[in-house]
Amino acid sequence: MSRVRLPTINGDQISVIAEEVYDLVLDDLFIRADHLAPGSSVFLKLEGLNPAGSVKLKTAIALVDQAEESGREFPRTRLIESTSGNLGVALAMVCAAKGYHLTCVTDPNANAQSVRLMRTLGAEVVVIDRRDGNGGFLQSRIDYIGERLRREPDTYWLNQYANPAGPRAHRERTGRSIFEEIGHVDHVFIGAGTTGTLMGCAEFFRQHSPDTRIIAVDSVGSVTFGGPARRRHIPGLGTSRRPEILDERLVDEVVLVPEPDTVKMCRMLAEERGLLLGGSSGTVLAAVSEKAKEIPEGSVIVALSPDFGERYLETVYNDDWVAERWPEITDDEISAISRVRAGA
């Protein structure tokens, strides 16, 4: 990657000029969120300001780099990947810039805006609506990919669920940036989707700061850590199939968050802090709030915010969508924690 930095007269860097959009990975942006764990310092690492809108840009870069190193012929090779949304957008951005063909295989839970973004960036999008044995769509998406690979020998599966390139990217970039920017960290809260970000950060801290507690955050209904399968509505975290790259030995604790708590946290932060965060981010911060009483005062906590909330305006931030799925969240409660809806 070639870039030029333009300093101010006092030496502070104010400009970054990159060759390609995927070179603009912003890895040093944090905001304080101490109110989630009173008595401690809470740093929220904001990944949604990357050009692709999520932490998945780093994963996408690494997966495509690995494909290029595999010996396949490009651009003849068509890349294919299963995605709940954010990785598909990031891959579509990278592939558009490189002139590569991409197929994103997703399902009805994917945000409509994410699907539109993938298509706008030139990707073929296939929506699989057949549920798998655990009530989700992940295995059905992967089964479809298997069928495409058999029919189309020039197609290459990036396979974020088993590809070590994903965790390696987050070990070398995300985990390292937390350590270098914040210094000593007592607790790191990281959401678990395909677990690439979680595993990469955990590997880094196990080597460089072994006393840091790694807290994996997952959604109730996900089978990733052995819990019972249950229907889920918010894309991002959780799986209906255990990822091959997961190594639970690197994790100190797992926190399962009910999806209504995700909705409440997202809306509270939008109203109180002006932070419009995505569902994955709301889940992670709900876990921080839940565990706050158990964390000693004076601790340093980092929570990874994978995405922003623009792609959730028709779901997490839509009163009708929420009421249809969780009627126990009353209109009064929604109004009390959020004024996001138009005209409020």
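The following exercises, with worked solutions, concern cavities, a pocket, two helices and the backbone geometry of a predicted model.

The model is predicted: local features need pLDDT of at least 70, side-chain atom pairs count only at pLDDT 80 or more, and totals for chains, interfaces and linings use all residues. Residues are numbered from 1 along each chain as its sequence is written, and side-chain values use heavy atoms, with hydrogens and water left out.

**Exercise 1. The annotated span**

Determine which residues the UniProt domain annotation covers, and state how far apart the end C-alpha atoms of residues 33–307 lie.

Solution.
- Step 1. The unreviewed UniProt entry carries the annotation "domain: Tryptophan synthase beta chain-like PALP", which covers residues 33–307. UniProt positions are given in the numbering used here, feature names are shortened, and annotations may be inferred rather than shown by experiment.
- Step 2. Between the end C-alpha atoms of residues 33–307 the distance is 16 Å. The span is 40% helix and 17% strand; helices (H or I, at least four residues) and strands (E, at least two) are DSSP runs, numbered from the N terminus.

**Exercise 2. Helices α2 and α7**

Compare the end-to-end reach of helix α2 with the span expected at 1.5 Å a residue, state which residues of α2 are buried, and treat α7 likewise.

Solution.
- Step 1. The expected span of a helix is 1.5 Å times one less than its number of residues. For the 13 residues of α2 (residues 86–98) this gives 18 Å, and the end C-alpha atoms are 19 Å apart, which agrees.
- Step 2. Buried means under 20% relative accessible area, exposed over 50%, and partly exposed in between (1.4 Å probe, protein chains only). In α2, 10 of the 13 residues are buried, so the helix is largely enclosed by the rest of the structure. The buried residues are Asn86, Leu87, Gly88, Val89, Ala90, Leu91, Ala92, Met93, Val94 and Cys95.
- Step 3. The cover over these buried residues includes α1, β5 (78–82), β6 (101–106) and α3 (112–120).
- Step 4. Helix α7 (residues 259–273) has 15 residues and reaches 21 Å from its first C-alpha to its last, close to the expected 21 Å. Its buried residues include Glu259, Pro260, Thr262 and Val263.
- Step 5. A glycine with positive phi comes just after each helix: glycine 99 after α2, at about 80 degrees, and glycine 274 after α7, at about 70 degrees.

**Exercise 3. Backbone exceptions**

Most residues other than glycine have a negative phi, and most peptide bonds are trans. Identify where asparagine 159, threonine 195 and proline 75 are found, and describe the backbone geometry there.

Solution.
- Step 1. Asparagine 159 has a positive phi near 55 degrees and is found in the loop between β8 (155–157) and α5. Its relative accessibility is 16%, so asparagine 159 counts as buried.
- Step 2. Threonine 195 also has a positive phi, near 75 degrees, and lies in the loop between β9 (187–191) and α6 (196–208). Threonine 195 is buried, with a relative accessible area of 2%.
- Step 3. The peptide bond from phenylalanine 74 to proline 75 is cis, with omega near 10 degrees. Proline 75 is found in the loop between α1 and β5.

**Exercise 4. Cavities and a pocket**

State how many cavities of 30 Å³ or more there are, and describe the linings of the cavities and of the second largest pocket.

Solution.
- Step 1. On a 1 Å grid over the protein atoms alone, a cavity is a set of points where a 1.4 Å probe fits but cannot get out, and a pocket is an open set with protein on both sides within 12 Å along at least five of seven lines; lining residues have an atom within 4 Å of a point. Grid points are joined across faces, edges and corners, and a volume is the space filled by probe spheres set on the points.
- Step 2. The count is 2 cavities of 30 Å³ or more. The largest cavity holds about 630 Å³. Of its 48 lining residues, Ser84, Pro235, Gly236, Leu237 and Gly238 are the closest to its centre.
- Step 3. For residue classes, Ala, Val, Leu, Ile, Met, Phe, Trp, Tyr, Cys and Pro count as nonpolar, Asp, Glu, Lys and Arg as charged, and the others, Gly among them, as polar. The lining of the largest cavity divides into 15 nonpolar, 25 polar and 8 charged residues.
- Step 4. The second largest cavity has a volume of about 30 Å³. Its lining has 3 nonpolar, 5 polar and 1 charged residues, and α8 (279–291) supplies the largest share, 3 residues.
- Step 5. The second largest pocket has a volume of about 260 Å³. Of its 14 lining residues, Ile61, Ala62, Asp65, Ala169 and Arg173 are the closest to its centre. Helix α1 gives the most to this lining, with 6 residues, and the classes are 6 nonpolar, 1 polar and 7 charged.

Note on methods:
Contact means heavy atoms within 4.5 Å.
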